[in-house]
Amino acid sequence: MPLTYAVADRIATITLNRPDRLNAISTELPGALRDAVHAAEADDSVHVIVLQGAGRAFCAGYDLKDFAETPDVELLQDADRGPWDPIRDYRFMKHCTDCFASLWKSLKPTIAKVHGHAVAGGSDIALSCDFVVMADDARIGYPPARVWGVPTTAMWLVRLPPQQAKRMLLTGDTVSGREAAQMGLVLDAVPADALDARVDALARRMTGVPLNQLAMNKLLVNQAVEASGLANSQMLATLFDGIARHSPEGMWFKRYAEREGFKAAVQWRDSGKNIPTGDDLE
């Protein structure tokens, strides 16, 4: 199972549970996460949902290593279907985006408890929650914004003013929990050994509020955000994500990962060196 689910004291705890892969997003995870959120939604004994990761990290993003290193295979392509289909790609990535957005759309408050890393698709998941509380030494960011990716949930635009959102997405930098809190990206950052207690205190503060009050006040805030065009931003970002993987630079990244390994491709991407194009692997 890609996650576990437990309920105690009016709090549903969802734990991403692939610690050997730093809870990287498998094909099964988005649907399982949506189903767990829906289970909490349907349970009147649950007032708050907490999302966390097992092991050393919250979530290291999509599990793309095998795909990136396999020659002549594109995402969502197989021998029977031929070359990359942008709409098939969009349909799959929109499914993931919609599953992560269940955290945002739930009528119950959601809290992401982040330790280690919440990067790439992992940041999409964390930022879809109502609240993000981080260990101050944890890292969050979207490194694939440098090449080969666009954040499909577009939640950076919700959390940050434009200049700060551009700072994160035009650099692909990661920031510590402490800096993320200073930017207003996350609610709070605390020492790692205080993270559980801080999240528990926040969750328990809301467990005594009636479900109807939680729902009405969350809907009030969410509708203001959604009226600003969140759905359109997510549609555009999800389309752009597929294009980014098939741009000249994106194809270079894929070919380089095939030849040198995904880790080497990521190291080049994050080094600040120029990204070549196409089949120029030198």
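Let's start at Tyr 62, which touches Ala 24, Ile 25, Met 93, Cys 96, Phe 100 and Gly 121, leaving aside residues up to four places away in sequence. Keep in mind that you're looking at a predicted model. Tyr 62 sits in the loop between strand E3 (48-53) and helix H2 (65-69). Is Tyr 62 buried or exposed? Its relative accessible area is 19%, and the cut-off for buried is under 20%, so Tyr 62 counts as buried. If you want a sense of distance, try Asp 173: it is 111 residues from Tyr 62 along the chain, and the C-alpha atoms of the two are separated by 17 Å.

Two of the residues that Tyr 62 touches, Cys 96 and Phe 100, also turn up where helix H3 meets helix H1, so let's go there next. Two packed helices are described by the angle between their axes and the distance between the axes. For H1 (residues 29-42) and H3 (residues 86-105), the axes come within 8 Å and cross at roughly 30°. Angles under 35 degrees count as roughly parallel, and that is therefore how H1 and H3 run relative to each other. The crossing of H1 past H3 is left-handed. On the H1 side, the contact is made by Leu 29, Pro 30, Gly 31, Leu 33, Arg 34, Val 37 and His 38. H3 brings His 95, Cys 96, Cys 99, Phe 100, Ser 102 and Leu 103. Sorted by class, that contact has eight nonpolar residues, four polar ones and one charged one.

You may have spotted two cysteines in that list for H3, Cys 96 and Cys 99. A disulfide is a covalent bond between the sulfur atoms of two cysteines. How many disulfides does the model have? The count comes to zero. For Cys 96, the nearest cysteine sulfur is that of Cys 99, 6.6 Å away, while a disulfide needs the two sulfur atoms within 2.5 Å. Looked at from the other end, Cys 99 is in no disulfide either, and its nearest cysteine sulfur is that of Cys 96. Both cysteines are tucked out of reach by the accessibility rule: Cys 96 counts as buried at 1% relative accessibility, and Cys 99 is buried with a relative accessible area of 2%.

Now follow H3 along to another partner, helix H9 (residues 211-227). These two helices pack at an angle of about 130°, with their axes 11 Å apart, and H3 and H9 are therefore oblique to each other. Leu 103, Trp 104 and Lys 105 of H3 make the contact with Lys 218, Asn 222, Val 225 and Glu 226 of H9. Leu 103 is thus a residue you've already met, in the contact with H1. By class, the contact of H3 with H9 has three nonpolar residues, one polar and three charged.

Finally, have a look at a couple of backbone details. Arg 10 has a phi near 70°, a positive value in a residue other than glycine. You'll find Arg 10 in the loop between strand E1 (3-8) and strand E2 (11-16), where it is partly exposed, with a relative accessible area of 41%. Ala 120 also has a positive phi, near 50°. Ala 120 belongs to the loop between strand E5 (117-119) and helix H4 (121-127), and with a relative accessible area of 12% it is buried.

How values were computed
Residues numbered from 1 in each chain as written. Predicted model: local features only at pLDDT ≥ 70, side-chain atom pairs only at ≥ 80, totals over all residues. Heavy atoms only, no water. Axes fitted to C-alpha atoms, helices over the stretch in contact; angles between N-to-C directions. Helix = DSSP H or I, 4+ residues; strand = E, 2+ residues; numbered from the N terminus. Parallel < 35°, antiparallel > 145°, perpendicular 65-115°, else oblique. Left-handed = near helix turned anticlockwise from the far one by under 90°. Contact = heavy atoms within 4.5 Å. Nonpolar A, V, L, I, M, F, W, Y, C, P; charged D, E, K, R; others polar. Buried < 20%, exposed > 50% of the residue type's maximum accessible area, 1.4 Å probe, protein only.
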